[in-house]
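Trainee: I've got the model open and keep tripping over the labels. Can we go through where they come from?

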Amino acid sequence: MIDTFNLIQLWASSFPRGEGFYFHLYSIGFFVAVYAAWIHSASWVDEDASDLGIGASFWNTVVIGGALLGGLVFWGSPKPFLSFASLILAAFVPILIYIIVRNTAVPDDKKLFTIGHLKSLAEKYLKLRFDSEGTKEFKNIPIKFIGKSDDKNKPGGDTKISRVEESEYYQVALEVIYEAFQMRATDVHLEPGKEDMTVRFRIDGIMNQREPLTRQTGDAIVNILKVLANLDISEKRKPQDGSFSAEVLDYSNGDNDQDPPKKKSRKPIILDFRVATAGSVAGEKMVLRILDGSKSMGSLKKLGMRDKLKDQIEAIVNQPHGMLIVCGPTGAGKSTTLYACLSEIDRFQKNVITLENPVEYQIDNVTQIEINPKAGKTFASELRSILRQDPDVIYVGEIRDKETAEISCQAAQTGHMVFTTVHANDSVTAFGRLLDLGVAPFMIANSVSAILSQRLVRVLCPKCKVKYRPNPEILKKFNLSPEKYEFFYKSKSEVKQEEMDDTPPCKYCGGTGFRGRSGVYELLVLNENIKNLIRENPSIGAIREEAVKTGMKYLQEDGLRQVVAGNTSIQEILRVCK
């Protein structure tokens, strides 16, 4: 009998077999790692190409096709080295080509894999520093800080500036401020995170995120700005307020909304900064409000008012006594409007006194008083004192409490013209705000001449705005004739992705589709009927109904005038005017 074990061995030896274990673990691991990195990169390409508008569908096809080709070569090649190299090249060369193409369509500070970008990555992730070369790069920034209360005529008056100039992060602080100026930002937000400091600019009322800073650099910049604003750098939890200035020495590329000046011999621009800090869970946050001191006080004509409204405001402003209230949310341009009203007054024949917190712009032949609650200088206390200064016109920065409201109303009834602001959504609800503060209805009726509500809408970029035919239903909703209004305009950012071409973003507006802002207004002039309603039965609904009868136009109605003129879009009006 033949041994069964020997038969099995004989059969196994005669059957041809390979070495086995054909799927090598290292090869599979390499393949998975490469494709995990590719998925992350391909997702970034799709998002970045969509944001820049440079053909997302085309680049997605190229990137995916390269990855598929690399996979086929990897599994079909008999040589391990050849398969590994082919997979990497096929998967990532299309992405590198995309980076080269997109670098030609973005500003220098947004380009990838440049020397500056590689240095920033090394500083962020490897904690390396390039102080010497960084100093050379930022040496020619045409801006100079001026600390609060610095007096160069006194010995040691420049001590504060000298101290911050010695900081290795001083040049970076200059760059952040100068970039904000060039981008026409009104506010700069420095917000701490776990690993970095987020930098955001408010441009035309919208927040725009810039390149983040490392946490170490961000904290150092906050300390530099606190020193300039005369704040306590050791206190990082309690809120602090301060101010400082900066001098723009060469502004040929940053003359905000105007064309660059042809001559560089013009006087430098002085920028004033209001600084506010607050402690958060992640660290100390800082917000800077930028005030361009070189801007002259605007006129009503430059604010975007229609001619009839401008004439009404001029008539109210030149009344011998009364009160003009401008209302709206924070950042609606209320102070700018009242400054324009002051420009309509003959300040050489009238005594004009202002109470502001803080004083934003210097006005010739006007006594400007800055409120300081910490020192006991409040709106109410200062208003009482200036009534003894024989004023003809009084500008009260804001009515916040009952005492200020009542004194302002009394001043309006005793031969003074009072300009002031109130936080309210529209002109009619401003009455409700005054009533909530405790002002008697008869006092409101006898003192208030008119209430102006306003908003700021972004103006379409003249170089890239898009012409389109509006939906007839939209025209019908706003009572506009389809035959009369065939075309409207909208920003390129409001155009659907499939309708956009592959042109690069507009450099004039930075790709936002808007540049600058204009006002939309709602004016309520108090006639005898409205005054009687306020005295007898201060009903908001009844007052609004009577105001419409007298010709008051709502904010949206006034905004449509800007849409018809091609200055802004319907979407922008609906965003701002609810």
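Trainee: Why is Asp204 called buried?

Mentor: This is a predicted model, and in it Asp204 has a relative accessibility of 9%. Buried means under 20%, so Asp204 counts as buried. You'll find Asp204 in the loop between β3 (196–203) and β4 (206–209).

Trainee: What makes the pairing of Asp204 and Arg184 a polar contact?

Mentor: The cut-off for such an N or O pair is within 3.5 Å, and the side chains of Asp204 and Arg184 are joined at 3.2 Å. Asp204 also has a side-chain polar atom 3.2 Å from the backbone nitrogen of Gly516. Beyond four places in sequence, Asp204 touches Arg184, Arg458, Phe514, Arg515, Gly516 and Arg517.

Trainee: How do you know that α8 and α9 are roughly perpendicular?

Mentor: The axes of α8 (residues 170–182) and α9 (residues 215–228) cross at roughly 80° and come within 9 Å. Angles of 65 to 115 degrees count as roughly perpendicular, so that label fits α8 and α9. Tyr170, Val172, Ala173 and Val176 of α8 make the contact with Thr217, Ile221 and Ile224 of α9. By class that's 6 nonpolar, 1 polar and no charged residues.

Trainee: Which residues touch the most other members of the largest nonpolar core?

Mentor: Phe145, Leu190, Leu225, Phe244 and Leu288, out of 42 residues. Helix α8 supplies the largest share of this core, 9 residues. There's also a second, separate core of 40 residues, with Cys327, Ile371, Cys409 and Ile534 among them.

How values were computed: Residues are numbered from 1 along each chain as its sequence is written. This is a predicted model: local features need pLDDT of at least 70, side-chain atom pairs count only at pLDDT 80 or more; totals for chains, interfaces and linings use all residues. Side-chain values use heavy atoms; hydrogens and water are left out. Axes are lines fitted to C-alpha atoms, for helices over the stretch in contact, and angles run from 0 to 180 degrees between N-to-C directions. Helices (H or I, at least four residues) and strands (E, at least two) are DSSP runs, numbered from the N terminus. Angles under 35 degrees count as roughly parallel, over 145 as roughly antiparallel, 65 to 115 as roughly perpendicular and the rest as oblique. Contact means heavy atoms within 4.5 Å. Ala, Val, Leu, Ile, Met, Phe, Trp, Tyr, Cys and Pro count as nonpolar, Asp, Glu, Lys and Arg as charged, and the others, Gly among them, as polar. A nonpolar core is a set of buried Ala, Val, Leu, Ile, Met, Phe, Trp, Tyr and Cys residues joined through side-chain atoms within 4.5 Å. Buried means under 20% relative accessible area, exposed over 50%, partly exposed in between (1.4 Å probe, protein chains only). A polar contact is a pair of N or O atoms within 3.5 Å; within protein, one must be able to donate a hydrogen and the other to accept it, and residues adjacent in sequence count only if both atoms are side-chain atoms.
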